[in-house]
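Colleague: Before we start, could you explain how the labels in this model are reached, one definition at a time?

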Amino acid sequence: MMNSPQLHHFRADGVSLVLDATPPAIPRVIHWGADLGEVSEAQLLGLWAATRCLPGANALEDEPLALGVLPENGRSWVGTPGLAGHREGRDFSPLFTASGVRATVLADGTQRLTCTAADADAEIGLEATVELLVTGLVRLCATVTNEGVTPYTVDGLTLALPIPLRASEIVDFGGRWGHERTPQRRRFGEGTHLREGRHGRTGHDATLLL
């Protein structure tokens with residue numbers, strides 16, 4: 001039986017962030033964009049229900065994919081996993097179960113949702129934090145803890161936010177000394193867009209934003 005949805009609506013500086021923190025999954029974003037204004041619990045439930053009725057594709061799960069802020073292959077996500085790692089070649093596809101969610105407002109006005117989760121079989125703990133700053137900026141953070149007695153190798157920890165279909169381009173900066181911070185645009189495509197810095201420190205070719 002499905003748990004009743006646990007929804008949190010944060011608002012700041014013209015931005016609304018609605019999070020579905022229904023256990024056992026880690027939180028997922030169901031709205032990130034323009035301020036929704038004062039909405040009732042029934043309206044939030046309607047928004048949540050709309051995200052559960054999206055059309056599915058052939059050869060996928062019957063239930064819609066509920067992609068959390070840490071994408072998990074164990075929940076039928078077949079893209080890049082949020083946590084890439086292993087324990088000596090094992091426990092490479094963790095499936096986290098949320099054990100607690102806490103919503104707080106910090107002294108500076110930041111609205112924060114903190115989720116504590118774990119994979120008992122893989123012996124990995126997770127704390128994921130989603131914040132909406134007073135400026136309307138959304139910030140994510142996660143901490144992974146090895147709760148086993150053998151080493152756990154973390155190859156990558158990547159959090160995710162949804163973007164609308166109208167976002168069709170990736171914009172970042174390139175360049176070199178004397179011609180740094182040059183905007184460059186490219187179309188969204190299949191696969192991963194990756195920017196790396198391999199010369200020891202941030203250089204003129206590095207990007208300030210994406």
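Modeller: Nine bridges join strand 7 (residues 124-132) to strand 8, and the two run antiparallel. This is a predicted model, in which local features need pLDDT of at least 70 and side-chain atom pairs count only at pLDDT 80 or more, while totals for chains, interfaces and linings use all residues. Residues are numbered from 1 along each chain as its sequence is written, and side-chain values use heavy atoms, with hydrogens and water left out.

Colleague: What makes strand 7 and strand 8 a pair?

Modeller: Two strands pair if DSSP finds at least two bridges between them, and strands themselves are DSSP runs (E, at least two residues; helices are H or I, at least four), numbered from the N terminus. Nine bridges join strand 7 to strand 8, so the definition of a pair is met. In one of these bridges, threonine 129 has cysteine 141 of strand 8 as its partner.

Colleague: Why are strand 5 (97-105) and strand 8 (138-146) called edge strands?

Modeller: Four strands form an open, antiparallel sheet in the order 5-6-7-8, and strand 5 and strand 8 are its edge strands because each pairs on one side only.

Colleague: How do you know that glutamate 38 and arginine 11 form a salt bridge?

Modeller: A salt bridge is a side-chain nitrogen of Lys or Arg within 4 Å of a carboxyl oxygen of Asp or Glu. The closest N and O atoms of glutamate 38 and arginine 11 are 3.0 Å apart, so the pair qualifies. Glutamate 38 lies in the loop between strand 3 (28-34) and helix 1 (41-51) and arginine 11 in strand 1 (residues 7-12), so the salt bridge ties together parts that are 27 residues apart in sequence.

Colleague: Why is glutamate 38 called exposed, and what is arginine 11 called?

Modeller: Buried means under 20% relative accessible area, exposed over 50%, and partly exposed in between (1.4 Å probe, protein chains only). Glutamate 38 has 72% relative accessibility and therefore counts as exposed, whereas arginine 11, at 30%, counts as partly exposed.

Colleague: What makes aspartate 172 buried, and which residue forms a salt bridge with aspartate 172?

Modeller: Aspartate 172 counts as buried because its relative accessibility is 0%. Arginine 195 forms the salt bridge with aspartate 172, the closest N and O atoms being 2.8 Å apart. Arginine 195 itself is partly exposed, because its relative accessibility is 33%.
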